[in-house]
Amino acid sequence: DQVGRFRADNPSPLYLQLQQLIREGIGGNVLNQGDAIPPERDLAIEYDVSRITVRKAIGGLVEEGLLTRRRGAGTFVAGRVEKSFSKLSSFTEDMAARGRRASSSWISRAPGQVNPEEAMMLGLSPGAPVLRFARIRYADDEPMALEFSTLAGYCLTSVDAVEESLYTALEKVGNRPVRALQRLRAVPFGTEHARMLGVDPGHAGLLIERRAFLRDGRAAEVTRSYYRGDAYDFVAELSDI
Ligand code: 16G
């Protein structure tokens with residue numbers, strides 16, 4: 001698909017012009033979220049510019065967050081997700097609200113006994129039963145996040161109760177959390193996490209730790225979510241009333 005043409009009378013550097021054309025293509029829906037950007041050499045031939053120019057143009061748009069690179073797959077139009085920092089929603093709901101299909105692949109899920117750190121976070125006694133879930137989370141097959149969850153054993157009887165959504169499973173047994181505390185921190189992805197998300201090691205990530213509670217005040221969940229920094233905007237409404 002042709003995204004546009006250079007104008008011969010445009011005095012600005014070629015890489016900026018190319019960036020502008022790609023931006024217009026995205027704005028004008030010629031290029032849509034998730035679409036692949038043609039390989040460097042194709043763009044160079046198409047627009048009759050050097051590959052260095054193409055690389056510079058694409059590199060700048062990746063830095064801006066408009067495009068995203070996936071290792072071994074290519075460069076794509078980024079689908080940034082705006083996520084409320086004050087609403088207690090689930091990943092599945094967040095994606096559905098954006099017309100995207102959530103899916104997961106399991107890294108592991110197993111029952112166990114609470115470790116000291118989890119016991120502190122969940123307010124459980126030593127040895128209390130917990131369920132642990134680790135998964136890669138996708139939006140329309142694009143990896144978005146890694147999540148490591150520990151649920152207090154009294155919330156759910158078995159790990160098999162969770163098919164896709166943790167919160168749906170909890171809701172079914174009347175144990176969906178109603179309140180949560182969250183902490184957000186910037187983290188560079190290490191080799192293993194980067195591999196699972198298809199990004200380069202050192203890629204910017206956002207770690208959100210959520211501690212969620214049931215209506216009766218007991219803790220239900222502690223989850224560490226590692227979101228791709230290039231895919232998320234966290235937004236919050238502030239007020240001073
Ligand atoms: C979100 C929550 C996570 C929760 C999960 C449940 C954040 C930062 N984290 O990712 O704590 O466990 O949703 O999603 O929002 P699910 O119901 O789709 O499994």
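These exercises walk through a predicted model, from its overall build to the strands beside its ligand.

**Exercise 1. Describe the overall build of the protein.**

Solution.
Step 1: Count the elements. The secondary structure comes to seven helices and eleven strands.
Step 2: Take the extent. Along the principal axes, the C-alpha atoms fill a box of roughly 70 × 45 × 25 Å.
Step 3: Check burial. Of the 241 residues, 28% are buried.
Step 4: Look at contacts between residues at least 6 apart in sequence. Among these, 58% join residues at least 24 apart.

**Exercise 2. Find the domains and describe where they touch.**

Solution.
Step 1: Set the bounds. Domain 1 covers 14-77, and domain 2 covers 81-235.
Step 2: Place their centres. The C-alpha centres of domain 1 and domain 2 lie 33 Å apart.
Step 3: Count the residues in contact. Domain 1 gives six residues and domain 2 gives six residues.
Step 4: Sort the side of domain 1 that touches domain 2. One residue is nonpolar, three are polar and two are charged.

**Exercise 3. Relate the UniProt record to the model.**

Solution.
Step 1: Read the record. An unreviewed UniProt entry lists residues 12-80 as "domain: HTH gntR-type".
Step 2: Look at the span in the model. Residues 12-80 are 52% helix and 14% strand.
Step 3: Take the ends. The end C-alpha atoms of residues 12-80 are 29 Å apart.

**Exercise 4. Which residues and elements surround the ligand?**

Solution.
Step 1: Count the shell. The ligand is surrounded by 15 residues.
Step 2: Name the closest. They are Ser90, Thr92, Ser165, Leu166 and Tyr167.
Step 3: Sort the shell by type. Five residues are nonpolar, seven are polar and three are charged.
Step 4: Trace the elements. At least two shell residues come from each of α4 (91-96), β7 (142-152), α6 (166-172), β9 (204-213) and β10 (219-228).

**Exercise 5. Follow β10 and its pairings with β7 and β9.**

Solution.
Step 1: Start with burial. Eight of the ten residues in β10 are buried, so the strand is mostly covered.
Step 2: Pair β10 with β7. The two run antiparallel and are joined by seven bridges. Thr150 stands opposite Val222 in β10.
Step 3: Pair β10 with β9. These strands are also antiparallel, with nine bridges between them. Here Arg211 has Val222 in β10 as its bridge partner.
Step 4: Combine the two pairings. Val222 faces Thr150 and is also the partner of Arg211.
Step 5: Inspect the hairpin of β9 and β10. Five residues lie between the strands. In this hairpin, Gly217 takes a positive phi near 95°.

Definitions and conventions: Residues numbered from 1 in each chain as written. Predicted model: local features only at pLDDT ≥ 70, side-chain atom pairs only at ≥ 80, totals over all residues. UniProt positions renumbered as here; feature names shortened; annotations may be inferred. Helix = DSSP H or I, 4+ residues; strand = E, 2+ residues; numbered from the N terminus. Near = placed C-beta within 6 Å. Nonpolar A, V, L, I, M, F, W, Y, C, P; charged D, E, K, R; others polar. Buried ≥ 20, exposed ≤ 12 C-beta atoms within 10 Å, placed from the backbone. Pairing = 2+ DSSP bridges. Domains from an automatic or database assignment. Contact = placed C-beta atoms within 7 Å.
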